[in-house]
Amino acid sequence: MRIDPFGLERWFAEYEHEADIMLAESGVRSLSADRFDIDPGELGYVIPTDGDPALRGTIGERYGRGTDEVVCTSGTQEANFLAFLSVLAGDSPPGLSSSTSGDAHAVVVTPTYQALHAVPDAFGDVTRVPLEPPTWELDPDAVAEAIRRETRLIVLNNPNNPTGRYHPLETVETLYDLAADNDAYLLCDEVYRLLADDPLPPVAGMGPHGLSTTSLSKSYGLAGLRFGWLAGDRAVVEAACQWKDYTTISPGIFGQHVAEQALEQSDTILEQNRELVARNHEITVAFLERHGLEWYDPVGVNGFVTVPDGFESGKEFCRTVLEAESVVLAPGEFFGHSDRFRIGFGLPTDELEEGLARIGQVLEG
Ligand SMILES: Cc1ncc(COP(=O)(O)O)c(C=O)c1O
């Protein structure tokens with residue numbers, strides 16, 4: 001078993017710390033800790049280790065699911081990881097009647113966040129179904145064609161990172177039906193879902209074959225909490241809990257303590273964040289128009305922009321902007337599209353404006 005290095009994380013590790021402006025962060029600007037009570041009392045493990053039952057109950061209600069159908073994790077990253085381990089790593093997938101011979105197979109809609117194909121690729125076999133520019137529309141027939149007898153998972157990220165494409169309910173339901181008809185799960189990473197003005201119902205609420213993962217990192221602006229969850233079939237959640245005993249044991253106690261408050265303040269926080277996103281979106285659109293750059297108008301705070309004329313590739317452009325203006329962007333190479341770069345416009349508006357002005361200097365230079 002081998003895993004590919006996480007290209008974008010390594011890029012950030014190299015440049016983010018020293019740079020002036022981070023214009024590649026994929027979430028909304030971080031909230032300050034001082035708006036929450038940050039004293040959880042005793043600093044033990046979260047007990048039970050899959051998360052406070054009352055909190056899991058509250059989260060479960062979002063999906064029409066019970067307390068035992070939710071496991072709290074260290075971010076969406078761990079939730080996805082545990083889901084992949086649970087469904088792909090064993091001889092027979094929990095909760096499904098099929099047992100497979102040969103490598104467990106996953107169908108993954110790409111481009112997407114690297115973890116969503118690299119991890120299943122390490123445990124099993126992956127077929128990618130490409131979204132094509134400029135609209136990044138998802139063709140359910142292509143997903144259907146990619147399904148095999150060994151397929152246990154269809155993996156979707158909606159709204160999508162990096163393109164900002166929000167696949168409509170009808171498409172997601174078709175994918176759900178494909179999963180159900182083929183005795184597989186549809187896993188949807190919904191970490192950007194609550195940034196949509198009109199969020200779709202989550203996949204874990206569609207029926208027994210739906211698994212949803214998410215966290216408070218992106219839509220709430222609380223990445224430092226490292227608090228997320230997996231919701232879905234009880235057998236998958238139980239298998240995830242067994243694997244979690246070997247990963248993080250429990251989520252962090254500070255994360256859970258603040259997550260409880262953040263979920264109580266959901267409406268206020270999300271409204272503030274959506275306002276910021278709408279304002280920043282307008283500013284970014286105006287900037288792109290001014291410089292003749294194109295994107296698919298995104299839901300969320302990530303846009304996948306065409307590389308400006310005069311630059312060979314996303315990497316070349318992003319390196320130039322970094323060296324000349326100390327602004328971090330994300331090269332499209334990390335998503336398999338070297339003619340693009342990803343911009344994250346969820347940061348405080350004054351920082352966004354400063355970052356765009358600096359990119360403008362490079363373009364006009
Ligand atoms: C689609 C997607 N899933 C998961 C993550 C990781 O999120 P978390 O902070 O919740 O672990 C990211 C981060 O960029 C992401 O874009």
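This is a conversation between a trainee and a mentor about a predicted model.

Trainee: Let's start with T213. Why is T213 called buried?

Mentor: Buried means under 20% relative accessible area, and T213 has 0% relative accessibility, so T213 counts as buried. You will find T213 in strand 7, which covers residues 210-215.

Trainee: What makes the pairing of T213 with N80 a polar contact?

Mentor: The cut-off for such a pair of N or O atoms is 3.5 Å. The side chains of T213 and N80 come to 2.7 Å, and the pair counts as a polar contact. N80 is also one of the residues that T213 touches, and others among them are T76, A79, C188, E190 and W229.

Trainee: Now the cysteines. How do you know that C241 is in no disulfide?

Mentor: A disulfide needs two cysteine sulfur atoms within 2.5 Å. By this rule the count comes to zero disulfides. For C241, the nearest cysteine sulfur belongs to C72 and is 9.3 Å away, which leaves C241 in no disulfide.

Trainee: And why does C318 count as buried?

Mentor: With the limit for buried at under 20%, C318 has 1% relative accessibility and therefore counts as buried.

Trainee: Which residue in the loop between strand 5 and helix 6 could serve as a contrast?

Mentor: Try P168, which sits in that loop. Partly exposed is the class between the 20% limit for buried and the 50% limit for exposed. P168 has 41% relative accessibility, so P168 counts as partly exposed. As for its place in the fold, the C-alpha atoms of P168 and G66 are separated by 26 Å, and the two residues are 102 places apart along the chain.

Trainee: What makes the backbone at W136 worth a look?

Mentor: W136 is not a glycine, yet W136 has a positive phi of about 55°. Most residues other than glycine have a negative phi. W136 is in the loop between strand 4 and helix 5, and because its relative accessibility is 0%, W136 counts as buried.

Trainee: Which other residue that is not a glycine has a positive phi of about 55°?

Mentor: That would be S326, in the loop between helix 10 (314-325) and strand 10 (327-328). Its relative accessibility is 18%, and with the limit set at under 20%, S326 counts as buried.

Trainee: Where do cis peptide bonds turn up, and what omega goes with each?

Mentor: One runs from P133 to P134, with omega near 5°. Another joins N158 and P159, with omega about -10°. Most peptide bonds are trans. P134 belongs to the loop between strand 4 (125-130) and helix 5 (140-146), whereas P159 is in the loop between strand 5 (151-157) and helix 6 (169-181).

Trainee: Which residues of helix 7 are buried?

Mentor: Helix 7 covers residues 234-244, and its buried residues are V236, V237, A239, A240, C241 and K244. They pack against strand 2, helix 3, strand 6, strand 7 and strand 8. At the start of the helix, a side-chain oxygen of D233 reaches to within 2.9 Å of the backbone nitrogen of A235.

Trainee: Let's turn to empty space. What makes something a cavity and not a pocket?

Mentor: In a cavity a 1.4 Å probe fits but cannot get out, whereas a pocket is open. The count comes to three cavities of 30 Å³ or more. The largest cavity has a volume of about 90 Å³, and its lining includes R62, Y63, E190, T214 and W229. That lining divides into six nonpolar, three polar and three charged residues.

Trainee: How many nonpolar residues line the second largest cavity?

Mentor: Seven nonpolar residues do, along with one polar and two charged. The volume of this second largest cavity is about 50 Å³, and N158, C188 and E190 are among the residues that line it.

Trainee: And which residues are closest to the centre of the largest pocket?

Mentor: Those are E9, E25, S26, K218 and A223, out of 33 lining residues. The largest pocket holds about 710 Å³ of space. Helix 3 gives the largest share of the lining, four residues. By class, the lining has 11 nonpolar, 13 polar and nine charged residues.

Terms used. Residues are numbered from 1 along each chain as its sequence is written. This is a predicted model: local features need pLDDT of at least 70, side-chain atom pairs count only at pLDDT 80 or more; totals for chains, interfaces and linings use all residues. Side-chain values use heavy atoms; hydrogens and water are left out. Helices (H or I, at least four residues) and strands (E, at least two) are DSSP runs, numbered from the N terminus. Buried means under 20% relative accessible area, exposed over 50%, partly exposed in between (1.4 Å probe, protein chains only). A polar contact is a pair of N or O atoms within 3.5 Å; within protein, one must be able to donate a hydrogen and the other to accept it, and residues adjacent in sequence count only if both atoms are side-chain atoms. Contact means heavy atoms within 4.5 Å. On a 1 Å grid over the protein atoms alone, a cavity is a set of points where a 1.4 Å probe fits but cannot get out, and a pocket is an open set with protein on both sides within 12 Å along at least five of seven lines; lining residues have an atom within 4 Å of a point. Grid points are joined across faces, edges and corners, and a volume is the space filled by probe spheres set on the points. Ala, Val, Leu, Ile, Met, Phe, Trp, Tyr, Cys and Pro count as nonpolar, Asp, Glu, Lys and Arg as charged, and the others, Gly among them, as polar. Lists of a residue's contacts leave out its neighbours within four places in sequence.
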